[in-house]
Amino acid sequence: MSEHLTDRGVPHLVLERHRVAERWRSQRWDSLVANGPAWHDRFPGLEFLDLDPDAFASKEQIADYFVAYAEKIGAPIRCGVEVTSVRKHDGRPGFRVETSDGVIDARFVVAATGPFQKPVIPPIVPDGAVPVQVHSSDYRNPAQLPDGAVLVVGAGSSGVQIADELRRSGRPVYLSVGPHERPPRSYRGRDFCWWLGVLGKWDAETPPQGAEHVTIAVSGARGGHTVDFRDLAARGIHLTGLTASYDDGVVRFSPDLGRNIAAGDANYLALLDEADAYVTRNGLDLPEEPQARRFGPDPECVTDPLLELDLAAAGVTSIVWATGFATDYGWLQVDAFDENGRPRQRRGVSSEPGVYFLGLPWLSRRGSSFIWGVWHDARYVADHITTQRGYLSYETAADLTDIAVKAAT
């Protein structure tokens with residue numbers, strides 16, 4: 001956003017509560033890497049330094065990248081400044097922005113905080129039922145947890161990577177698997193990010209019905225690999241269905257594990273079909289990969305699913321909730337939200353004149369919540385702000401005469 005506003009000569013400030021990209025440094029697990037390769041998960045104007053384009057950047061490399069980009073564009077950032085409220089002015093345009101460092105008068109406000117502010121832990125297992133319950137945003141590494149088995153709830157990218165790391169450390173692990181999409185990490189020599197690009201899926205403007213917040217299981221860990229729940233089970237992770245309820249020390253799971261894995265397989269195979277059709281249609285010389293369609297047999301934990309888990313009897317001492325985040329716009333006290341607290345906006349332009357949003361899923365397209373996708377959405381928002389500033393600066397001869405009279409008096 002700052003880059004595009006600077007290019008258009010629009011004076012602005014960027015307020016950051018902590019350091020640049022703080023959450024990448026202090027609110028993610030130690031071994032986290034990007035889920036897309038370095039050639040893809042970046043801004044157009046800067047490549048990752050000293051990183052192979054097909055590699056997956058570590059969380060520290062990503063944070064350093066944001067710092068380097070801010071320096072490259074000369075972004076006017078004030079770090080250590082928290083915005084506590086934004087309210088409309090009375091009787092004049094613009095907003096009163098109250099911060100931990102004083103009050104700022106702003107004609108326009110861009111909420112570029114993204115969708116991941118408030119960790120969500122479903123109210124299922126009460127405090128004290130096991131020694132430790134943490135959200136994935138507070139998980140750092142296996143040594144952080146007490147000895148014993150771990151239940152990981154949520155089988156998106158975070159859940160499967162954390163469960164795999166815990167199992168590789170020697171822990172007994174249970175992984176609760178809900179509905180998900182399971183793309184191939186790569187196929188026929190191309191990363192799935194490339195396939196989504198050439199197949200037009202990144203630019204899709206409308207999510208499939210009911211799929212606005214789909215859980216996606218993909219990993220860039222250890223050089224990147226396709227997530228296959230059969231492989232996780234073969235390495236000793238006990239798969240279960242969706243975590244449904246808790247009572248008197250026992251967690252109960254929905255009988256949907258087989259259905260969830262089958263649906264993920266169908267999603268995986270559908271993308272391979274589209275990729276094959278694209279290769280044929282365009283006459284590309286990409287190697288065939290028949291082994292990508294071969295699945296091993298379903299493990300026993302799928303064919304005979306566990307529906308109840310006595311936590312104490314199983315030695316479970318920790319639960320890691322990889323159950324996502326919610327937005328938190330309590331500081332933005334304007335008429336820009338629907339009855340469910342979701343921003344009312346189109347392509348980032350909100351229903352409250354002068355207020356804009358960036359980084360939200362499906363803001364304008366599927367890629368809107370990704371690093372490169374935000375860059376394109378920010379350009380559109382910057383154009384909108386520039387246009388509005390042009391209208392506001394318009395003055396007729398009568399306006400100028402009136403201003404002169406007021407100045408003279």
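**Strand pairing and local backbone features of the predicted model**

Val150 stands opposite Val173 in strand S10. This pair belongs to the parallel pairing of strand S9 (residues 149-153) with S10, which extends over four bridges. The structure described here is a predicted model. Helix H4, which covers residues 157-168, joins with S9 and S10 to make a right-handed β-α-β unit. Strand S10 also pairs with strand S13 (residues 238-240); these two strands run parallel and are joined by three bridges. Within that pairing, Tyr174 is placed opposite His238 of S13. The side chains of S10 (residues 173-176) alternate in direction: Val173 and Leu175 point one way, Tyr174 and Ser176 point the other way, and all are buried. The two residues named above as standing opposite partners in S9 and S13, Val173 and Tyr174, thus point in opposite directions from the strand.

Antiparallel pairing was found in a further set of strands. Strand S14 (residues 243-247) pairs with strand S15 (residues 250-253) in the antiparallel sense, with four bridges between them. Ser245 has Arg252 of S15 as its bridge partner. The two strands form a hairpin in which two residues lie between S14 and S15. One turn residue, Asp248, has a positive phi of about 50°. Strand S15 is paired in addition with strand S16 (residues 308-310), again in the antiparallel sense, over three bridges. Here the bridge partner of Val250 is Asp310 in S16.

Positive phi values were also found in two arginine residues. Most residues other than glycine have a negative phi. For Arg222, phi is near 50°, a positive value in a residue other than glycine. Arg222 is located in the loop that runs between helix H5 (192-198) and helix H6 (229-234). Phi of Arg347 is likewise positive, near 55°. The position of Arg347 is in the loop between strand S19 (345-346) and strand S20 (349-350). Arg347 counts as partly exposed because its relative accessibility is 32%, a value between the limits of 20% for buried and 50% for exposed residues.

Gln61 was examined as a residue of helix H3, which comprises residues 59-73. With a relative accessibility of 30%, Gln61 is classed as partly exposed. When neighbours within four places in sequence are left aside, Gln61 is in contact with Phe48, Leu51 and Phe56. Gln61 and Val134 are separated by 73 residues in sequence, and the distance between their C-alpha atoms is 25 Å.

At the level of the whole chain, the secondary structure comprises ten helices and 21 strands. The C-alpha trace spans about 90 × 60 × 40 Å along its principal axes. Of the 409 residues in the chain, 44% are buried. Among contacts with a separation of 6 or more, 68% are made by residues 24 or more positions apart. The exposed area of the chain is about 20400 Å², of which carbon and sulfur atoms supply 51%. The side chains include 42 positive and 55 negative groups, and a distance of 3 Å lies between the centres of the two sets.

Key:
Residues are numbered from 1 along each chain as its sequence is written. This is a predicted model: local features need pLDDT of at least 70, side-chain atom pairs count only at pLDDT 80 or more; totals for chains, interfaces and linings use all residues. Side-chain values use heavy atoms; hydrogens and water are left out. Buried means under 20% relative accessible area, exposed over 50%, partly exposed in between (1.4 Å probe, protein chains only). Two strands pair if DSSP finds at least two bridges between them. A crossover is right-handed if, with the strands pointing away from the viewer, the path from the first strand over the helix to the second runs clockwise. Contact means heavy atoms within 4.5 Å. Accessible areas come from the Shrake-Rupley method with a 1.4 Å probe; for residues, only the protein chains shown count as cover. Lys and Arg count as positive and Asp and Glu as negative; His and the chain ends are not counted. The place of a charge is taken as NZ of Lys, CZ of Arg, CG of Asp or CD of Glu.
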